[in-house]
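The following exercises are to be worked with the sequence and the structure at hand. Each task is followed by a solution in steps.

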Amino acid sequence: MGKIVLKNIDKFYGSNHVLKNLNLEIEDGDFMTLLGPSGCGKTTTLRVLSGLEKPQNGYIYMDEKEIVNCDEAHYEAPSKRGLNLVFQSYALWPHMTVFENVAFGLTIKKIPKEEMKRMVENALERMQILQFKERYPAELSGGQQQRVAIARAIVSAPKLLLLDEPLSNLDAKLRVDMRTELKRLHHEMGTTIVYVTHDQIEALTMSTKIAIFFEGVLTQVDTPLGIYNNPADLRVADFIGNPRINFAECTGRVKESKFIVTSSFGEFVFDSSMLKKEGGENKEFPCVIGLRPEQIEIKRKQEEGCFAAKVYTSQPAGSETLITLKAGGVTFLAKEIGIANYKENEKVWLYIDPNKVNVFDQESKKLIKYSV
Ligand SMILES: Nc1ncnc2c1ncn2[C@@H]1O[C@H](COP(=O)(O)OP(=O)(O)OP(=O)(O)O)[C@@H](O)[C@H]1O
């Protein structure tokens, strides 16, 4: 599958404007995750791409071929788009066994029997359901049926795989296993995958790119690390990351080629070239600092450039410890790897690497100082 381009797509359901001038490019071999809160338009994007829904405006190109052109009411049929789909509701054939369900597409393609058996069993094994191959869908749990649906979609190594919350019915452990398998499959098959989820961990761990939506608007497209380190606005910053990012309101100003950010707990001084906002000298403007929990380093002794703080509470959880701190009336959550023992009300100092700090404009909500 070559590049997929969605251009100026608008989709309405009645008066509900569900996709608003969507522009998205998916490169060959991408694992592109569509991420966002419930109702933001992820599934609709997938349905428009697959041909199950017709947009009212815009164009879609696959491999340089025009498959949708709303001006000319041209919509290529789903069957001609060379893709495989797995939806949350998995629609297996009830009268066929697991093996037959997965083999169905290969039978149509007239693949030799032995080869077909090998391919089907390989797909079932990957999804950890080979032992159920003789069962009927009604004899499986929801999660097992979901894995049959994935096996059916991957068995023929399609060029484009569209997956809509395919792991939603699985328990936590199996979900981690399936993430591993899907990521490995993507690597081995080189298939372009478009994956819908509202689970940011799934998005961060598997994708080569994430497209994040809010209320039908595509807000940011970047690599997982790009989005994590430099979220385009306050909403993206708040949505991505677990535990959540810390925000602190502050005031920014530019003075003598320095960008100075003052907060109730201390001051940050950056080179003014790091500020991506037009602003006059000495003109103050409200901004918000964004700090990831793992960026806050807790020190027991006072050191230069550190901020004074007090421990509110500490929560050791085996592999990591979450520490809630108060500094200048602001509450922060910090994360340390391993077990750390801090006492309530213990006086500590916080080191925050200024290079890693994000600063957002309070008014536009946009990122104006990037993490480097
Ligand atoms: N067939 C339909 N008819 C009318 N409205 C619809 C239809 N399908 C979706 N919608 C509406 O379009 C909006 C986007 O829905 P969509 O299913 O794309 O969201 P989503 O981001 O996939 O959400 P979720 O994570 O809950 O599945 C929602 O407001 C939804 O109610």
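**Exercise 1.** Determine the strand order of the open sheet of five strands and state which strands form its edges.

*Solution.* The order is 2-1-4-5-6, with antiparallel pairing; strands are DSSP runs of E of at least two residues, and helices are runs of H or I of at least four, both numbered from the N terminus. Two strands pair if DSSP finds at least two bridges between them. Strand 2 (16–26) and strand 6 (74–75) each pair on one side only, and are the edge strands. Strand 5 (residues 65–69) joins strand 6 in the antiparallel sense over two bridges, and His74 in strand 6 is the bridge partner of Asn69.

The model is predicted: local features need pLDDT of at least 70 and side-chain atom pairs count only at pLDDT 80 or more, whereas totals for chains, interfaces and linings use all residues. Residues are numbered from 1 along each chain as its sequence is written.

**Exercise 2.** Compare the span of helix 4 (residues 142–154) with its expected value, and establish how many of its residues are buried.

*Solution.* The expected span is 1.5 Å times one less than the number of residues. For the 13 residues of helix 4 this gives 18 Å, and the end C-alpha atoms are 19 Å apart, which agrees. A residue is buried if 20 or more other C-beta atoms lie within 10 Å of its own, exposed if 12 or fewer, and partly exposed in between, with C-beta atoms placed from the backbone. By this criterion 11 of the 13 residues of helix 4 are buried, among them Arg147, Val148 and Ile150.

**Exercise 3.** Which elements give two or more residues to the shell around the ligand?

*Solution.* A residue belongs to the shell if its C-beta atom, placed from the backbone, lies within 6 Å of the ligand. The residues around the ligand include Tyr13, Asn16, Lys42, Thr43 and His198. Strand 2 and helix 1 (42–50) each give two or more, and helix 1 has the largest share, three residues.

**Exercise 4.** Locate the residues other than glycine with positive phi, Asn8 and Ala73, and decide whether each is buried or exposed.

*Solution.* Most residues other than glycine have a negative phi. Asn8, with phi of about 50°, lies in strand 1 (residues 4–13); Asn8 counts as exposed because it has 12 C-beta neighbours inside 10 Å. Ala73, with phi near 50°, is in the loop between strand 5 and strand 6; its 8 C-beta neighbours inside 10 Å make Ala73 exposed.
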